[in-house]
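Biologist: Please take one part of this protein and look at it closely. Keep it plain, and set that part within the whole chain.

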Amino acid sequence: MSTKIFYNTLLLASTFFFALITNAQNVIAPLKPNWQNLDLANDGVLGISTEKAYTELLKGKPHKPVIVAVVDGGVDINHEDLRNVIYTNLKEVAANQQDDDKNGYKDDFHGWNFIGSAKGEVHYDNLEVVRLVREQSSKFEQAKRSSFKGEELAAYKKYNEMKADIEKRTAAAQANLQGLIRFKRLLSDTLLVRLKRENATSDDLKKFYSRNYREYFVVQTLINHMVLYGNVNDFIKFELDYPIQHYQEQLYYNLNINFNSRDTVGDNYADSKESAYGNANVTGPDADHGSHVAGIIAASRDNDLGIKGVANDVSIMSVRTVPVGDERDKDVANAIRYAVNNGAKIINMSFGKAYSYNRQVVDEAVKYAMGKGVLIVHAAGNENQDNDILPNFPNRIYEDKTGIAPAWIEVGASGPLNTNEVKAIFSNYGKTSVDVFAPGVNIRSATPNSTYSIKSGTSMAAPVVTGLAALIWSYYPKLTALQVKEIILKSVQRIDNAVVVKTEDSAKNMLFTDLCISGGIVNAYNALQLAATY
């Protein structure tokens, strides 16, 4: 699923009580700002040593700009920390309603939007599994199982599996929503009334006398998270109000088989070869996720504002493709082709889903990108699953069995401390399907209207790697996409100790080489040292 925000604080049970989804190290440890760019030896956190690389390896060295396409939900191109790094198509005249560069897209001054039109913007969409069930329901709901044989019978069984999946997801969303609402009600109506302070601090909470286990659990949860939010109000905003909105959106839109927003785009959805649709609104109605991703890659490093991106000479091309819900394969394919055709060297894709409608059309676009020497960086997903067993789409394996995309990097998420819990508890993994890990826990980055927020997910880890690839290419522009990938994988900070992989009811120790191909976490200092030898 294309998750706009990964809520990594609470896993809500169907009962009133909650269980913390993430261990203290991954969620609530006090983190230094910009930790993903810091160094383990110098700073005590398992960042990628970007600042060390700038100080010791890159000072005074020439570099060239690299265009990076952020295929996402939109980017706030006017953000104070992004506006100086936004891609500009100099062959196009902005807002003159003309296709000045004759590339098929009018006014694509900063990129393109494949989920909008003159009618408006797609904000929400279904999960792919919901769209598949809706499409197949007329065939399977009115027929008897006895009439199906061979491939049709297999398709019918798959249809029923998908229906069951929707029911399971719906029940989980309802339970989580109700649990959050109950938690907030107890917090607001009981604890804050008794505390007599809406903006209670950690010291206030430590003095609080809990009358029962429910109150005790709520108080301890708040105390643990004060290192992130400082006060109860911010905790409520980021860990209750936003997740409540998220689950409401799931129920109203993502899982609602009667909701369909595609008419807004106005394309012929059945024509997978169609590409001339969309509009030039690269920000869209919800640029939260895309702006966060863009900031991690390339937020201005020299303006004394906000954050520091990994790369210091990048142009961010926004290709809006991902709604609140699952992206559509046709749009993803067109986004990849658009990015390639307009000069992007790297494509960041911080999205994924459990089902694919038209995998072939995406594969064809990926093959096109590979043929043009473009590097694709993709987030592995946030289900804590083994992608070797349960695939996450899109991925580098071609459906027609012609091989894999060679210049593709699949990224898992890591936490800040080099302990047996360095794997982010939510992160997907795979001995053969995931290449590397990168910081993806409590990453502070840009959000719309020149604001900043903390988010977690492989969506945050992937742009760390994208930024590193851009940094390498900027200083060593003669390298190929395959060489950049090879450098990144060969130069990782190896994790030699066993790490814990937790599930709802168990935990097991695994070697990091069983979690990803490289067996480590990307490291900019090591990568740039290695790049200098090529």
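Modeller: What follows starts with the whole chain and then turns to one strand and its surroundings. This is a predicted model, in which local features need pLDDT of at least 70 and side-chain atom pairs count only at pLDDT 80 or more, while totals for chains, interfaces and linings use all residues. Residues are numbered from 1 along each chain as its sequence is written, and side-chain values use heavy atoms, with hydrogens and water left out.

Start with the whole. The secondary structure comes to 14 helices and 17 strands. Both are DSSP runs, numbered from the N terminus: helices are H or I with at least four residues, strands are E with at least two. The C-alpha trace spans about 70 × 70 × 50 Å along its principal axes. The radius of gyration, taken over C-alpha atoms, is 23 Å. A compact globule of 534 residues would have a value near 24 Å, so the two agree. That rule is 2.2 Å times the number of residues to the power 0.38.

Now the inside. Of the 534 residues, 58% count as buried. Buried means under 20% relative accessible area, exposed means over 50%, and partly exposed is in between, with a 1.4 Å probe and protein chains only. Contact means heavy atoms within 4.5 Å. Among contacts with a separation of 6 or more, 76% join residues 24 or more positions apart.

Here is the close look. Strand β10 covers residues 408-414, and Ser-414 lies in it. Ser-414 has 0% relative accessibility, so it counts as buried. What does Ser-414 touch, leaving aside its neighbours within four places in sequence? Its contacts are Trp-35, Val-422, Ala-424, Phe-437, Ala-438, Pro-439, Gly-440, Val-441 and Ile-521.

Strand β10 also has a part in covering a helix. Helix α13 (residues 481-490) has these buried residues: Ala-481, Val-484, Lys-485, Ile-487, Ile-488 and Leu-489. Their cover includes β10, along with β9 (375-379), β11 (436-439), α12 (458-475) and α14 (524-531).

Further along the chain there is a strand pair. Strand β15 (residues 499-502) and strand β16 (residues 507-510) pair in the antiparallel sense over four bridges. Two strands pair if DSSP finds at least two bridges between them. β15 and β16 form a hairpin, with four residues between them. Lys-502 stands opposite Ala-507 in β16.
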